[in-house]
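Please open the structure in your viewer and keep the selection panel at hand. The tour goes from one selection to the next.

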Amino acid sequence: MSNQETTLEEATHRINQLRTDLIEWTRQYYVLDQPTVEDHVYDESYRQLTELEQAFPSLVTPDSPTQRVGGQVLPGFEKVTHEIPMLSLGDVFSIEELSEFDQRLQKSVESEVSYNAELKIDGLAISLTYENGVFIKGSTRGDGTIGEDITENLKTVKSIPLTLTEPISLEVRGECYMPTKAFIALNKRREEAGEATFANPRNAAAGSLRQLNTSETAQRQLSTFIYYLVNPEQLNVKTQSEALERLTKLGFRTNNESRVTNNMTEISAYIAEYQAKRHDLSYDIDGIVLKANLFAIHDEVGNTVKVPKWAIAYKFPPDEQETIVLDIEWTV
Ligand SMILES: CC(C)(C)c1nc(N2CCN(c3ncccn3)CC2)c2cc(C(N)=O)c(N)nc2n1
């Protein structure tokens, strides 16, 4: 059927169906890592949606997948103030130090402290704000109080939902990262083009989000793991593990390897498991993050100026690969 014969009503119906399908297929592929349609099916629907939106521009919506390709060259990035500061994390480098942290925390609260153990993704911390379920602002952590508005770049990151499954207003925080495969391919392209390569995926992710040409960001295959719900009481969520489940239901990509641990034995087992599995993952991690699971404990112990007293990062020792590289650089 050629466009001039398509009435506005038919186009509206067709565009709505195409957009709904493409949003769901994007979620399955980029959020759940469980695609259900072949690429050519996705591509054909995407082509039809683009064609119809060009013929009927009034029918384009902010959450249409066609709005994710970027294409603007931004003059710069506005500053954003984080109303609730993005804290840093204290870190420890041994099980003994971790145990001291655990004992200190256990002593300072009545109840038994269980922790939500999470992989520490080696990316860039971001904040995402939604109003009535629509993505309206995304920013970098910056110095924790002032970050940069990178909304247009984050719209090109396919695992970030442009609309939530519920029309609620909230802020979430997480890590934006470049999967190892994308990092290797990017550095290969840059090397072939005679450009400088990135030292590691974290730098590559940071460089990709700082691109003023948003279509360049769109090609960098960035992904996200969301790990923090600001104001969990607003959603009547009591623990970190529950918050992650809620974030997943809302449409965010969360990391499946998180686990509630009830004592140092379980924590040590989690650390050993992921120190061994570290290089089998499709992304870089540099340790694990332990958070008191009950939010009531967060309120009870509070934060210091920079870091929460209810969370700690355990950093893995640099593995032999990193030290060898260091040696080579050192000798050179
Ligand atoms: C919400 C809290 C503060 C407990 C928190 N803070 C984090 N970070 C703070 C320090 N950050 C930071 N970044 C740059 C400079 C200083 N600090 C980078 C994020 C977390 C990072 C990860 C991760 N990487 O996978 C994670 N699973 N949970 C986190 N949770």
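At what angle do helix 3 and helix 9 pack, and how far apart are their axes? Select residues 95-108 for helix 3 and residues 264-277 for helix 9: the angle is about 140 degrees and the axes are 11 Å apart. Helices here are DSSP runs of H or I with at least four residues, numbered from the N terminus, while axes are lines fitted to C-alpha atoms over the stretch in contact, with angles from 0 to 180 degrees between N-to-C directions. Helix 3 and helix 9 are therefore oblique to each other, a class left over once angles under 35 degrees (roughly parallel), over 145 (roughly antiparallel) and 65 to 115 (roughly perpendicular) are set aside. Now show the side chains in the contact (heavy atoms within 4.5 Å), to which helix 3 gives Ile95, Leu98, Ser99 and Asp102, and helix 9 gives Met264, Ile267, Ser268 and Ile271.

This is a predicted model, in which local features need pLDDT of at least 70 and side-chain atom pairs count only at pLDDT 80 or more, whereas totals for chains, interfaces and linings use all residues. Residues are numbered from 1 along each chain as its sequence is written, and side-chain values use heavy atoms, leaving out hydrogens and water.

Next, select the ligand and the 16 residues around it (a heavy atom within 4 Å), of which Glu118, Leu119, Ile121, Tyr227 and Lys291 come nearest. Three polar contacts (pairs of N or O atoms within 3.5 Å) can be displayed there: a ligand nitrogen atom lies 2.9 Å from a side-chain N or O atom of Lys291, and polar side-chain atoms of Glu118 and Ser88 lie 3.2 Å and 3.3 Å, respectively, from a nitrogen atom of the ligand.

Conventions:
Polar contact = N/O pair within 3.5 Å; in protein donor to acceptor, adjacent residues only side chain to side chain. Helix = DSSP H or I, 4+ residues; strand = E, 2+ residues; numbered from the N terminus.
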